[in-house]
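Here's a quick look at how the parts of this model touch one another. Have the structure open as you read.

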Amino acid sequence: MSFDIRLPIGLMFLAIGVLVGGYGAFGGPSAVKPGEPNVDLIVGALMVAFGVLMLALTRVRRGQG
Amino acid sequence: MTLGAVDWGVIGLYLLFVLGIGVAASRRAKSGTDFFLAGRAIPAWVAGLAFISANLGAQEVVGMGASGAKYGISTAHFYWIGAIPAMVFIGVFMMPFYYGSKARSVPEYLRMRFDEKTRGFNAFTFAVMTILSSGISMYALAKLIQTLHVLDGPFAAAHMPQTWIFHAAVLVSAAIVLVYIYLGGLRGAIYNEVLQFFLIVAGFAPLVWLGLRQVGGWHGLQAELGPAYTHIWHGMGSAATNRLGVDWFGLTMGLGFVLSFGYWCTDFLVVQRAMSANSMSAARRAPLIAAGVKMFIPFVVILPGLIAIALTATPDRPGASSQPPGAIVQHAPGVIPAKVDATSGKPMLDAHGQPQLDYDLATPNLLLREFPTGMLGVGLTALLASFMSGMAGNVTAFNTVFTFDIYQAYIRRTADDRHYLHVGRLATFFGVAASVAAAYLASAFNNIMDLIQLVFAFVNAPVFATFLLGMFWKRTTGHGAFAGLIAGTAVAALHHGLTLPMDDLPGVKGGWLAVTHAYPSEMAQNFWTAIWAWSGCFVTTIVVSLATRPHPEAELAGLVYSLTPKIDEAQGSWLFRPVTLGVVMIAAVVVLNLIFR
């Protein structure tokens, strides 16, 4: 099986998502700007979801457009 | 603004993955085909995303935000008219010749179709141009990092002078791109471009979301900025009534036809991505898939500019409630700062006594203002990723053209594959080193760089006429093509020398021969220079071709439309055939134009 780019993309989004989302959840006041939503947590969670999706796609038949 | 540990963590993770992909790709970079063409094994969607990512450099991200702030949503013309139709055209009509001819580069196609001199002219100008543009964008990135002051703290803590920030930014970013291309070749570059593409979206889409919340959504933007900023066809009937200073004819012919087709259909930087695809049908679908994504990029790169200007009080905007009409704003508070004169330290004023805004800081400053620690790291990584994808595009196109169209053509004609692979790696190293040199040249002599870029714009303007005639008129000859390119370049220079944008002085902006016509804007002058250059090349190529001996038809099979068997795209459902995809893309872009008319 040859190299599948979805694997590193999935892993990277998972890692960055956990890092940023985790900071949003537990990082205290510096993680949220006053009057703004907790963007670290929201975007972090979305990045984790995207990472998981990419990893799941590597299990699907590769090479499809 | 200082970066927290989380921000550094994000940047670190990104760099780790980028280098890791380079190492993984190097295991499969054993032959010339691997290194220069990614083994012709790239799936359509990967080639398609790389196709846009290589073009989505930092200058594009920052520049489109700047144009959004200056001209408004009309900037989307650079995508919807200035890219999509050309991307559909190359996918449906031109890829069969590029891919089917087995040419390894665009200049090599020119040699197969025409002759050595046409190839040589294209190869040399292209090689120099890619090095210059990667150097200029490296300079822009380093300058931006300096301006944003994000590295001031760490440098002060390490007792290093602040001036080293520029050197560090140039050298570190160049070194990383060098490593992953040197190791993985085009495959390393393309895989990274896909990863970088997703990161760019992850960094800028949340910026648009947060920004729109602040200004009250799209309707809030419309109310704040007025129709000239938020409608792309507003006042396009005449150059005097819209912010771009161009009329609809100059826009559609100059940008939509000549410049757009000249770039998207002939520039090896993007075409190389499609040529690396794993089959003819993938190669044709790559630009079409790219078009489907490209048409939505304006929402990620242009909207930050509009949001930034809405959060900045300016005097020429009656909608800006905080300023009474006619008031002189001494310093523009808000996201976009005024340009400051380096010697006097005072804001620079325009002809009307108003401060000139530094639009290039629209997107970066919005990012610093909106993002908290954590997302700030993601945003800066997105900026870094856009820079690297753009630079890698230049470097891989350079090493291929240098190896096949300069070294193999003029220095050593026959050698084994290993030798050319070795030359390709050396060319990568040399290309990056030359880009660094160009970055320092740009920092020392900004005017010289403007002049060189201008000369290359003349060379580039007519090029699509040559390809159009070459691919679709079998009578076109090598002498005709070469004469056409020279004539088109000369016409471009002549037109520039005889015209001038209003409010500019004769010189590098034009009018250096005589001023016979004044354009309402520099953009209008650019578009018309391109239209004249294209026409000059088109006519000259036809006339000279008719006067010279045609190529034997047998030699043109697979290179010219009428002498190539039509490709049978029977496999797969009709929905994914190039023609169907092309029609869908054009229809979608028409809808976007109607929504934002």
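What follows goes through a domain contact, a helix pair and a chain contact in this predicted model.

## Two domains in chain B

Chain B splits into two domains. Domain 1 is pieced together from 5-314, 358-444, 560-566 and 573-595, while domain 2 runs over 448-559. Measuring from C-alpha centre to C-alpha centre, domain 1 of chain B and domain 2 of chain B sit 24 Å apart. On the domain 1 side 49 residues take part in the contact, and on the domain 2 side 42 do.

If you like your interfaces as areas, domain 1 and domain 2 of chain B bury about 4000 Å² between them. Carbon and sulfur atoms carry 81% of that. Looking just at what domain 1 of chain B buries against domain 2, R113(B), F114(B) and L563(B) supply 16% of the area, more than any other three residues.

## What holds the domain 1 side

On the polar front, the rule turns up 0 salt bridges across the interface of domain 1 and domain 2 of chain B. It does find 10 residue pairs in polar contact there, with both residues at pLDDT 80 or more.

Which helices of chain B give two or more residues to the domain 1 side? They are helix 6 (84-100), helix 7 (106-113), helix 8 (116-148), helix 13 (248-264) and helix 20 (417-444). Helix 13 of chain B gives the most, with 11 residues. By type, the domain 1 side comes out as 35 nonpolar, 11 polar and 3 charged residues.

## Helix 8 against helix 23

Now zoom in on one helix pair in chain B. Helix 8 and helix 23 (residues 478-498) of chain B pack at about 35 degrees, and their axes are 8 Å apart.

From helix 8 of chain B come K117(B), T118(B) and F121(B). Facing them in helix 23 of chain B are G478(B), H479(B), A481(B), F482(B), L485(B), I486(B) and T489(B). Sorted by type, the residues in this helix 8 to helix 23 contact are 5 nonpolar, 4 polar and 1 charged.

## Chain B meets chain A

The contact between the chains draws 33 residues from chain B and 31 from chain A. Together, chain B and chain A bury about 2700 Å², with 80% of it on carbon and sulfur atoms. There are 0 salt bridges between chain B and chain A, but 3 residue pairs are in polar contact, both residues at pLDDT 80 or more.

On the chain B side, the elements giving two or more residues are helix 1 (5-26), helix 3 (44-53), helix 10 (164-215), helix 18 (362-370) and helix 19 (375-411). Helix 10 of chain B has the largest share, 11 residues. The chain B side that touches chain A divides into 24 nonpolar, 4 polar and 5 charged residues.

Note on methods
Residues are numbered from 1 along each chain as its sequence is written. Chains are lettered from A and ligands numbered from 1 in the order in which they are written. This is a predicted model: local features need pLDDT of at least 70, side-chain atom pairs count only at pLDDT 80 or more; totals for chains, interfaces and linings use all residues. Side-chain values use heavy atoms; hydrogens and water are left out. Domain bounds come from an automatic or database domain assignment. Contact means heavy atoms within 4.5 Å. Buried area is the accessible area (1.4 Å probe) that two parts lose on being put together, summed over both. A salt bridge is a side-chain nitrogen of Lys or Arg within 4 Å of a carboxyl oxygen of Asp or Glu. A polar contact is a pair of N or O atoms within 3.5 Å; within protein, one must be able to donate a hydrogen and the other to accept it, and residues adjacent in sequence count only if both atoms are side-chain atoms. Helices (H or I, at least four residues) and strands (E, at least two) are DSSP runs, numbered from the N terminus. Ala, Val, Leu, Ile, Met, Phe, Trp, Tyr, Cys and Pro count as nonpolar, Asp, Glu, Lys and Arg as charged, and the others, Gly among them, as polar. Axes are lines fitted to C-alpha atoms, for helices over the stretch in contact, and angles run from 0 to 180 degrees between N-to-C directions.
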